[in-house]
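Visitor: Could you take me slowly through one part of this protein, the place where nonpolar side chains are gathered inside? I would like to see which residues belong there and what surrounds them.

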Amino acid sequence: MMSAVIETDERTLGTITVMRDITQELAVASALEEEQRRAQSIIGVLQEGVLMVDNTGAVRYANSAALQLLGIREIIEPANFFDLVSINDENCNYTLEKFRASQKIDNLYAILRNHAGGEFDIDLTMLKVRHGESHERLVFVLRDDSARRQENERLSWEASHDPLTQLFNRRAFGQELDKALAEAGQNKVATVMLLIDLDYFKPVNDKGGHLTGDKLLHRLADLLRQTVRQSDTVARLGGDEFGILLPYCGVERAEALAERVRAGIEALVVEHEGEDYRVTASIGLAQSNPTDTSTKAIMARADEGSYLAKGRGRNQVVVVLVSGA
């Protein structure tokens, strides 16, 4: 209701009153306030962090999940988002200016570090929202992506490793061999491969049981890891067959290493129910040749060396420089 007096210089003539029914407007305003409270309640319990900053980076809203990522319990003004955290991926440090220059960002996988020392793998989405004619807000949705990344890393590891020995598997070994052969021309020293085929391993499994066989393979894997260089690759190619890739090693050094491996395997002893179990190894050694067009050639030469070692009495190293021995 609005009222106004109607008067002249000499006298008052009366009043005029205008009344407007605002019942509907109040109902709409009440409904909007209720929707806003409901939205804030939903956002507040989301597992994703939701926060809004102004064009200076000052935090205007943050739900509980966002506060956890920020490393704080509540927003105490003035709190600037980019003073509280840093956001980086492999190629970029994301600043306020970087985000303001982008209209929208979807699924940015990055690392968020907060001032309290917390570090999180995050999946970040950013939207711009207009606030009036001259102001804008940046709305961030931050999802802790650590579990997904850990799961991906686990699956990737399982795809490339032997579950029993924790060594590389045949597939991963082949990829490393491809890479080494592609780079072989850049170095005058040859890349060498050892193929290790265990002798008398079947009786260990048959008599001592598979747990005894597994224990021996564990011990063997440890021996191989300890014997090779950090730059070398060790893999279980399958069953009782192992491979070692020696980049830029040369035949002479590789043969000396193969002899250490052979002697170490011969000295391995696994005890079960009062009995000792041993194996030896027939090792084929082959170096890369400039004519090799694929990994199959060098693997075939190494396999040929292992086969010849068995034929010559086992427990020895045979070097195959070219096909045909």
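Guide: What follows is a walk through the nonpolar core, with a look at a helix residue and a surface patch afterwards. Please keep in mind that this is a predicted model. In soluble globular proteins, nonpolar side chains tend to be buried together. The largest nonpolar core here has 34 residues, and those that touch the most other members are Leu194, Ile196, Leu198, Ile244 and Ile265. Two or more residues of this core come from each of the strands β10 (192-199), β12 (241-246) and β15 (280-287), and likewise from each of the helices α7 (201-208), α8 (210-227) and α9 (251-267). If we pause at Ile244 and set aside residues up to four places away in sequence, we find that Ile244 touches, among others, Phe173, Val192, Leu194, Leu224 and Val261. There is also a second, separate core of 30 residues, which includes Val59, Ile105, Phe120 and Leu142.

Turning to helix α10 (residues 295-311), we meet Met299, which counts as buried because its relative accessibility is 19%, and the cut-off for buried is under 20%. Beyond its neighbours within four places in sequence, Met299 is in contact with Arg170, Leu177 and Met193. Met299 and Gly243 lie 56 residues apart in sequence, while their C-alpha atoms are 9.3 Å apart in space.

As a contrast to these buried residues, Met2, Ile6, Leu13, Ile16 and Val18 form a nonpolar patch on the surface, together having about 470 Å² of accessible area. Strand β2 gives the most to this patch, with three residues, and Ile6, which lies in strand β1, is partly exposed at a relative accessible area of 38%.

Terms used. Residues are numbered from 1 along each chain as its sequence is written. This is a predicted model: local features need pLDDT of at least 70, side-chain atom pairs count only at pLDDT 80 or more; totals for chains, interfaces and linings use all residues. Side-chain values use heavy atoms; hydrogens and water are left out. Patches are made of residues with over 30% relative accessible area and no salt bridge: like charges are joined within 9 Å, nonpolar side chains (Val, Leu, Ile, Met, Phe, Trp, Tyr) within 5 Å. Accessible areas come from the Shrake-Rupley method with a 1.4 Å probe; for residues, only the protein chains shown count as cover. A salt bridge is a side-chain nitrogen of Lys or Arg within 4 Å of a carboxyl oxygen of Asp or Glu. Helices (H or I, at least four residues) and strands (E, at least two) are DSSP runs, numbered from the N terminus. Buried means under 20% relative accessible area, exposed over 50%, partly exposed in between (1.4 Å probe, protein chains only). A nonpolar core is a set of buried Ala, Val, Leu, Ile, Met, Phe, Trp, Tyr and Cys residues joined through side-chain atoms within 4.5 Å. Contact means heavy atoms within 4.5 Å.
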